[in-house]
Amino acid sequence: MTSGPLPGQPPPDQPPPDPAATDPAATDRVVPLARDSFIELHARARATALLDDGTARELCGPFDRIESPWLAAQEVVPQSDDGVVVVKGELGRRPVVVVAIEQAFQGGGIGEVSGAKITAALSLAAQDNRHGVPTAAILLLETGGVRLQEANLGLATVAEVCSAVLELRALSPVIGVIAGALGCFGGMSIAAALCTELIMTREGRLGLNGPEVIESEAGVAEFDASDHTLIWSIHGGTQRTATGLANVLVSDDVAEVRSAVREALGRGVPDEHRSQRIGELRALLEAVDPAHPPDPADLPALRVNAAPVGSAVRTNAAPGEPAVPANTAPGESAVPANAAPGESAVPANAAPGEGGRPMRTRDAAPASRGLAWIRALAGGEVGSVVPSVVTADMSLGNDSARLLAVVPDPGSPYHRARAGEVGLREGPALAEAVTEVVTTDAGLPEERRRPIVAVVDVPSQAYGRVEELLGIHHALATAVDAYASARTAGHPVIALIVGTALSGGFLAHGSQAGRMLALDDPKVVIHAMHEQAAARVTRRTVAELEELAQRIPPLSYDVADWAKLGLCDELLDVGDADEPTGEDVGRVRAALTAVVGRARHGPRDLSDRLTSPAALRTRAASRRIHEALTAQWR
């Protein structure tokens with residue numbers, strides 16, 4: 001779905017140029033026969049090649065015949081292992097589980113069954129660690145992201161994979177390996193960014209949005225998908241390692257990959273993970289002018305020279321006090337209380353180009369349901385972390401809840417993130433706002449830790465070249481990490497979906513919620529991709545997709561069908577979803593109060609998504625996977 005052909009090889013009479021800016025296949029050819037290619041192996045062989053001889057044992061394999069229940073109805077032949085291989089064994093006499101994605105099946109796309117296999121394997125490894133068995137995980141990532149033929153269930157399982165990575169990562173290393181030219185894209189790039197360490201080959205690629213997707217969404221001037229030099233200079237393993245988005249660069253050799261994985265396991269669990277180092281990311285973003293981004297070759301040095309900066313939110317805010325930029329005067333709101341919905345939220349005294357103030361005049365932002373609802377629920381008073389991420393507080397019974405929303409910012413220096421998309425600024429800003437709440441409330445009894453409500457109206461992630469260059473997948477991973485960490489720390493994390501909730505934007509802002517509410521409104525759209533883009537990728541017409549959606553709920557763009565997947569606690573009827581009335585606010589407030597109470601007494605992981613009444617009907621295959629893997633684990 002997002003992979004591209006390898007570029008042409010360099011002339012034999014010239015020395016090979018920098019592999020980050022040329023054909024990744026044109027590596028050392030001096031002793032090619034001395035190498036045992038890792039890339040040329042299929043998923044099952046890759047998994048067993050990493051393990052100590054005689055220790056590999058496949059779980060929930062093809063003879064268990066748990067296939068995707070959604071493909072045959074679309075005239076897609078299912079595969080008996082659904083393209084994911086789970087193998088337990090030992091590496092260096094240490095217990096590990098290897099999860100390998102088979103790129104030859106549906107481009108490595110993640111659907112309900114394949115996602116459930118990854119999630120269950122990681123969760124069982126975490127359970128091992130809690131019982132004194134230090135099982136680590138190795139993820140062999142060759143994937144285009146969500147399998148669009150399973151759309152909303154694929155999106156849900158990718159969110160569950162991210163949660164499971166974080167659960168295990170706190171106890172034992174989770175090592176990601178990206179070896180082949182298909183690479184790791186889409187939502188699974190966020191999971192990769194959450195890994196303890198990432199190992200890549202020069203041939204490997206890593207990014208949120210594949211070149212073809214960016215070209216389709218933004219045009220060839222934004223990203224030319226036929227320019228293979230450009231592709232590897234941004235997404236390639238050499239560049240990603242040089243810019244700190246991967247840890248180790250290895251050759252395409254089984255022994256070298258195995259050695260690198262073993263060494264990474266030996267380094268154990270770090271004190272701070274990459275997705276928690278928000279200051280480093282903010283320093284890099286502040287060092288780059290998005291209007292004149294650096295050449296990819298210059299980015300590694302720029303990253304080294306960028307000095308980390310502190311958090312953009314006040315860490316000394318009292319419980320219930322809005323998070324505002326550190327340089328905001330006491331009592332000053334970063335967003336004018338009387339600003340119109342969609343107005344760029346910047347301090348009035350900001351200089352052009354500072355703090356999000358536009359460098360030039362922009363058109364007014366489109367109406368934002370997220371801003372309308374956060375204002376209505378909070379009584380009008382809102383603050384901001386950056387202009388496109390607003391925060392507020394509201395009372396829910398005896399609780400004071402923190403609200404967060406991503407809103408349009410026509411003055412954003414990132415031109416692909418001006419309509420409410422989640423991009424490079426929004427990911428770490430969400431992470432900072434959530435982390436501020438967690439840090440402030442850390443000394444409180446768990447029953448007094450504030451609820452966090454993600455008010456969701458996001459059209460998608462930002463599709464742009466500079467976003468990929470600087471690592472938008474990493475930026476979104478910081479938000480995923482923060483939301484999941486808040487949930488496991490005892491904060492009720494609730495998603496209130498009031499508009500669109502699409503793709504990577506929803507993964508970053510909303511999908512890690514332990515409980516979800518959505519307005520029962522035609523303009524509420526939850527999906528893995530825009531309908532027109534999904535039609536192009538799946539090679540169907542929009543009419544054909546709409547016909548399939550009548551029979552296959554995960555494909556539907558109708559919020560009522562989404563609610564049947566077991567992810568939604570309640571659909572809320574309101575009189576005016578665009579301009580909520582007092583009665584609408586009262587109804588939503590009551591629903592939030594009730595769901596916070598349920599969250600406080602429910603599990604802190606996402607396991608409830610498999611036990612709800614709707615999930616018992618719709619996600620039977622996921623449940624079978626968890627049961628089979630649990631039974632075979634020992």
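**Exercise 1.** In this predicted model, determine how many bridges join strand β3 to strand β4, and whether the two run parallel or antiparallel.

*Solution.* Begin with the two segments, β3 covering residues 94–101 and β4 covering residues 136–140, which are joined by 5 bridges and run parallel. For one position in this pairing, take Val 97, whose bridge partner in β4 is Ala 137.

**Exercise 2.** Place these strands in their sheet, and explain why one side of β1 and of β7 is left without a neighbour.

*Solution.* The sheet is open and is formed by 7 strands in the order β1-β2-β3-β4-β5-β6-β7, with mixed pairing. Since β1 (57–59) and β7 (248–250) stand at the edges and each has a single partner strand, one side of each lacks a neighbour in the sheet. From one strand to the next, the twist averages 25°.

**Exercise 3.** Describe where helix α2 packs on the sheet, check its length against the expected span, and decide whether it is largely enclosed or largely open.

*Solution.* First, α2 packs on the sheet by touching β2 (84–91), β3 and β4, and its direction makes about 25° with that of β2. Next, the helix comprises 19 residues (112–130), so at 1.5 Å a residue it should span 27 Å, and the end C-alpha atoms, 27 Å apart, agree with this. Then consider burial, for which the cut-off is under 20% relative accessible area: 16 of the 19 residues of α2 are buried, and the helix is therefore largely enclosed by the rest of the structure. Finally, just after α2, Gly 132 adopts a positive phi of about 90°.

Terms used
Residues numbered from 1 in each chain as written. Predicted model: local features only at pLDDT ≥ 70, side-chain atom pairs only at ≥ 80, totals over all residues. Heavy atoms only, no water. Helix = DSSP H or I, 4+ residues; strand = E, 2+ residues; numbered from the N terminus. Expected span 1.5 Å × (residues − 1). Buried < 20%, exposed > 50% of the residue type's maximum accessible area, 1.4 Å probe, protein only. Pairing = 2+ DSSP bridges. Axes fitted to C-alpha atoms, helices over the stretch in contact; angles between N-to-C directions. Contact = heavy atoms within 4.5 Å.
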